[in-house]
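This report describes the fold, the burial of its elements and the charged pairs of one protein chain. The structure is shown below.

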Amino acid sequence: MAGQPVGERARLLRAMGVAWIIAPRRPAPVRPQAQAPQLPKSRRPQHPPQRPTPEAPPRTTNPAPPAAAAARAPFPGVLRTLLHGKAQPVHTLWTYAELWEDLHAPRPPRLELIKKIQAACAERLGWEAARMALWPCRCPTPETWEHGLAQWQPRCLLVFGQAAIRHILPEIQAPSVPFPWGDMLVVPLPDLDAMLAGDAEAKALAWQILQGVPSLPART
């Protein structure tokens with residue numbers, strides 16, 4: 001905007017013939033920008049960021065209980081013959097490594113010897129014949145052995161020969177004295193082939209062990 005100069009500077013300008021000057025336009029005052037209103041913070045608790053859920057391991061199906069497995073799978077014909085005349089559960093279940101093969105052979109010597117030993121136990125030790133049963137530990141499928149244990153529910157498992165012990169319990173060293181296995185008592189006995197070969201010491205040891213088998217109460 002134009003105006004007259006004043007003061008000492010004005011006198012100098014008038015002497016130079018300048019009577020009016022144009023004053024520079026003052027910049028318009030800058031108004032402070034209105035700040036956006038602050039919204040009140042939510043009172044809800046702030047949850048920490050969720051971590052990714054780890055992938056679950058593959059789910060495995062639990063094996064069926066032995067009783068259910070035994071009821072589900074029928075036994076081969078040669079095994080069904082072992083059930084005749086037996087009371088379940090049994091006191092003693094007898095087995096050896098070659099029993100499955102002997103069940104398919106005519107009058108196998110090992111099986112005949114087992115029957116003689118059972119007859120002696122019934123006569124001299126008072127064992128009930130219906131409470132003594134046979135079952136092969138080496139079957140066509142491992143489940144058949146488990147089914148047999150579930151079927152018979154023995155109190156004592158009489159195992160002839162270290163080969164049968166190693167087959168039933170491969171994770172342990174084959175012991176030579178009775179030991180508990182679950183709710184059963186496993187009784188290792190000498191090899192049948194040694195007794196058939198005339199080993200008097202093996203025969204005497206087998207009879208001594210059988211005399212020491214405890215008379216456990218039958219399962220209910």
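A residue counts as exposed when its relative accessible area is over 50%, as buried when that area is under 20%, and as partly exposed in between. Arg 107, at 67% relative accessibility, is therefore exposed. The model discussed here is predicted.

**Overview**

The secondary structure of the protein comprises nine helices and seven strands. The protein has 220 residues, of which 34% are buried. Among contacts between residues at least 6 apart in sequence, 65% link residues at least 24 apart.

**The sheet**

Five strands form an open sheet with mixed pairing, in the order β4-β3-β5-β7-β6. The edges are held by β4 (132-134) and β6 (179-181); each has a single partner strand, so one side of each lacks a neighbour in the sheet. On average, neighbouring strands of this sheet are turned by 30° against each other, direction ignored. Strands of a sheet pair through backbone hydrogen bonds, in either a parallel or an antiparallel manner.

At one edge, β3 (residues 92-96) runs parallel to β4 and is joined to it by three bridges. Within this pair, Trp 94 is opposite Leu 134 of β4.

Strand β7 is joined to β5 by five bridges, and the two run parallel. With β6, β7 runs antiparallel, and three bridges join them. Val 186 of β7 has Leu 157 opposite it, and Phe 179 also stands opposite Val 186. The hairpin of β6 and β7 has two residues between the strands, and Gly 182 in this hairpin takes a positive phi near 65°.

How many of the residues of β7 are buried? Six of its six residues are buried. Met 184, Val 186 and Pro 188 lie on one side and Leu 185, Val 187 and Leu 189 on the other, so that both faces of the strand are covered.

**Helix α6**

Helix α6 (residues 142-152) packs on the sheet and touches β3, β4, β5 (156-160), β6 and β7 (184-189). The direction of α6 makes about 160° with that of β3. Buried residues of α6 are Thr 144, Trp 145, His 147, Gly 148, Leu 149, Ala 150 and Trp 152. Gln 153 follows α6 and has a positive phi, near 50°.

**Helix α5**

Helix α5 (residues 109-124) contains 16 residues and spans 22 Å from its first C-alpha to its last, close to the 22 Å expected at 1.5 Å a residue. Its buried residues are Arg 110, Leu 111, Leu 113, Ile 114, Ile 117, Gln 118 and Cys 121. These cover an arc of only 155° around the axis, and therefore lie on the same side of α5. An α-helix has 3.6 residues a turn, so residues three or four places apart point the same way.

What covers the buried residues of α5? The covering elements include β3, α4 (99-102), β4, β5, α8 (192-196) and α9 (200-211). The face turned away from the buried side carries the exposed residues Pro 109, Lys 116, Glu 123 and Arg 124. Pro 109 has a relative accessibility of 54%. The C-alpha atoms of Pro 109 and Leu 192 are 9.1 Å apart, although the two residues are separated by 83 residues along the chain. Just after α5, Gly 126 takes a positive phi of about 75°.

**Salt bridges**

Side chains of opposite charge can pair when their charged atoms come close. Five salt bridges are found in the whole structure; the table lists three that include an arginine from this region.

| Pair | Closest N to O distance |
|---|---|
| Arg 110 and Glu 98 | 4.0 Å |
| Arg 110 and Asp 102 | 2.9 Å |
| Arg 107 and Glu 112 | 3.8 Å |

Arg 110 forms a salt bridge with Glu 98. Arg 110 belongs to helix α5 and Glu 98 to the loop between β3 and α4, so this pair ties together parts that are 12 residues apart in sequence. Arg 110 is buried, at 19% relative accessibility, whereas Glu 98 is partly exposed, at 24%. In the pair of Arg 110 with Asp 102, both residues are buried. A network of salt bridges links Glu 98, Asp 102, Arg 110 and Asp 193.

Conventions
Residues are numbered from 1 along each chain as its sequence is written. This is a predicted model: local features need pLDDT of at least 70, side-chain atom pairs count only at pLDDT 80 or more; totals for chains, interfaces and linings use all residues. Side-chain values use heavy atoms; hydrogens and water are left out. Two strands pair if DSSP finds at least two bridges between them. Helices (H or I, at least four residues) and strands (E, at least two) are DSSP runs, numbered from the N terminus. Axes are lines fitted to C-alpha atoms, for helices over the stretch in contact, and angles run from 0 to 180 degrees between N-to-C directions. Contact means heavy atoms within 4.5 Å. The expected span of a helix is 1.5 Å times one less than its number of residues. Buried means under 20% relative accessible area, exposed over 50%, partly exposed in between (1.4 Å probe, protein chains only). The arc is that of the directions from the helix axis to the C-beta atoms. A salt bridge is a side-chain nitrogen of Lys or Arg within 4 Å of a carboxyl oxygen of Asp or Glu.
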